[in-house]
Amino acid sequence: MWLHLAVLVGLFCLLRWYRERQVVSHLRDKFVFITGCDSGFGNLLARQLDLRGLRVLAGCLTEQGAKQLRSQTSDRLQTVILDVTKPESVAAAAEWVKERVGDRGLWGLVNNAGISTPTALNEWLTKQDFMKILEVNLLGVIDVTLNVLPLVRKARGRVVNVSSVMGRVALFGGGYCMSKYGVEAFSDSLRRELSYFGVKVVMIEPGYFKTTVTSPKALSQSLQASWNQASPEIKELYGEKFLAHFLNSVDLLETTCCQDLSLVTNCMEHALTACHPRTRYSPGWDAKLIYLPMSYLPSFLVDLMCTGIAPSLLRPCNPRLGCIVGGVAYRVGRGCVGGVKYSGEQSSPGRVSPGRPSHLIAISSPVSSWDITEDSGILGRNKLCSEKLRSVALLCVLFPHQPLKALSLMALLPP
Ligand SMILES: NC(=O)c1ccc[n+]([C@@H]2O[C@H](COP(=O)([O-])OP(=O)(O)OC[C@H]3O[C@@H](n4cnc5c(N)ncnc54)[C@H](OP(=O)(O)O)[C@@H]3O)[C@@H](O)[C@H]2O)c1
């Protein structure tokens with residue numbers, strides 16, 4: 001049985017490998033229009049396709065970016081200034097593309113332009129902050145696509161939309177993840193509609209790569225700006241230490257980002273040149289090993305993993321003083337914390353005046369400075385053995401919406 005299964009899987013892989021190796025003919029006659037070519041993936045893809053012999057029409061946001069790109073490529077590559085948020089700019093660029101492609105139509109449209117800021121916790125942001133990202137990453141994609149779609153249909157070509165793994169799991173607040181979820185929905189519906197006309201719609205869902213979009217400096221500045229504009233109530237609620245933790249975790253992002261952008265552009269190139277492109281490409285080890293598997297898990301497990309991965313981002317607590325809405329936290333095992341959150345006010349550092357249990361939380365945290373077990377008077381015990389603490393955390397996880405049940409079970413645990 002296992003042998004049969006292995007043979008079947010092997011045959012499937014072989015067939016898929018063979019299908020994916022088939023390349024479209026007459027590539028040198030094909031036009032590809034790419035947005036956001038000033039830097040990052042768009043810039044590298046433009047140069048890569050130019051080397052491959054395709055006719056690249058590169059949309060750049062700035063004249064400086066366009067000039068620089070032209071200086072690095074052949075005369076076949078042409079540039080146009082394009083701001084995807086401005087309808088007149090999009091219409092003018094579409095007209096420019098139409099003049100160049102003529103009757104052949106446009107073989108490929110790559111919707112790549114995108115931004116990642118302002119990004120912060122949802123309640124630190126304004127409606128305008130959300131709109132700023134959605135205008136570029138989602139409405140820009142839709143506007144450009146609608147404007148050049150007749151040309152793509154004429155060539156029975158490809159639409160390649162750059163989404164993100166954040167379009168599969170929303171790990172942080174702000175407009176970015178929403179915009180990418182939107183790109184996924186737009187692409188899925190468009191793919192089905194255009195399949196009747198021989199047009200293929202492909203999504204690229206990269207993990208974290210080192211570009212301007214993931215620049216810790218830009219993200220930190222945006223975070224600080226959102227904090228500065230937040231209301232005094234929000235600032236009091238979260239506290240400066242929380243902001244510092246948040247900023248530190250943003251700095252760590254750089255160490256986890258992949259530097260090899262060609263992993264992404266190779267997928268884009270395959271989507272444009274293969275006879276049988278995939279519907280989705282997920283370049284990056286983090287996309288394949290973490291975010292995609294995560295996207296298939298039940299929500300409660302993803303929530304749990306998120307609080308484990310980024311505890312300081314999800315917990316509006318001062319790690320030294322305990323939960324600011326009041327509560328008791330217990331160290332669970334090495335570097336982990338399980339806790340019960342109470343509606344009572346915090347009375348002094350590390351102490352709480354418990355009111356009614358309002359919510360049960362189970363969190364794991366690498367915060368080593370969290371040391372308030374001495375003051376955990378909620379169950380009338382000061383120090384809990386680590387085994388019991390693990391059970392507490394487990395109960396919190398098992399009964400997240402039934403605090404009383406979890407509490408009564410906790411009370412049954414041996415001291
Ligand atoms: N880097 C990652 O880890 C990652 C992961 C998943 C998805 N993505 C997506 O990949 C795409 C490309 O980003 P990237 O990582 O290569 O970052 P990038 O280097 O910042 O590239 C984005 C490009 O879009 C341009 N752009 C910004 N606003 C625009 C507008 N209103 N109109 C036209 N162009 C505009 C930028 O121009 P300027 O340079 O002049 O500002 C830049 O050339 C984005 O859609 C991003 O969301 C990136």
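How do the residues of the shell around the ligand divide into nonpolar, polar and charged? In this predicted model, that shell holds 12 nonpolar, 15 polar and two charged residues. Altogether 29 residues surround the ligand, and the closest are Gly36, Gly40, Gly114, Thr211 and Thr212. Two elements, α2 (40-52) and α5 (127-155), each give two or more residues to the shell. Of the elements, α2 gives the most, with three residues.

Let us now go to the start of the chain. UniProt, in an unreviewed entry, places a signal peptide at residues 1-17. In the model this span is 94% helix and 0% strand, and its end C-alpha atoms lie 24 Å apart. A little further along comes the loop between α1 (2-21) and β1 (31-34), where you will find His26. Phi of His26 is near 55 degrees, a positive value in a residue other than glycine. His26 counts as exposed because it has 8 C-beta neighbours inside 10 Å.

Next, follow the chain along strand β4 (residues 108-111), which pairs with β5 in the parallel sense over four bridges. Asn111 has Asn161 of β5 as its bridge partner. After β4, the loop that leads to α5 holds Pro118. A cis peptide bond joins Thr117 to this proline, Pro118, with omega about 5 degrees. Taken together, β4, α5 and β5 make a right-handed β-α-β unit.

Between α5 and β5 there is another loop worth a look, and Arg156 lies in it. Arg156 is not a glycine, yet its phi is positive, at about 45 degrees. Is Arg156 buried or partly exposed? Arg156 is partly exposed, because 13 other C-beta atoms lie within 10 Å.

That brings us to β5 itself, residues 158-162, where five of the five residues are buried. In a regular strand, side chains alternate between the two faces of the sheet. On β5, one side carries Arg158, Val160 and Val162, while Val159 and Asn161 are on the other. These residues are all buried, and both faces of the strand are covered.

Which strand pairs with β5 over five bridges? That partner is β6 (residues 200-204), and the pairing is parallel. Within this pair, Val160 stands opposite Val202 of β6. To get from β5 to β6 the chain passes through helix α6 (residues 175-194), and this β-α-β crossover is right-handed. Strand β5 thus pairs in the parallel sense with β4 and with β6.

Technical notes: Residues numbered from 1 in each chain as written. Predicted model: local features only at pLDDT ≥ 70, side-chain atom pairs only at ≥ 80, totals over all residues. UniProt positions renumbered as here; feature names shortened; annotations may be inferred. Near = placed C-beta within 6 Å. Nonpolar A, V, L, I, M, F, W, Y, C, P; charged D, E, K, R; others polar. Buried ≥ 20, exposed ≤ 12 C-beta atoms within 10 Å, placed from the backbone. Pairing = 2+ DSSP bridges. Right-handed = clockwise from strand over helix to strand, strands pointing away.
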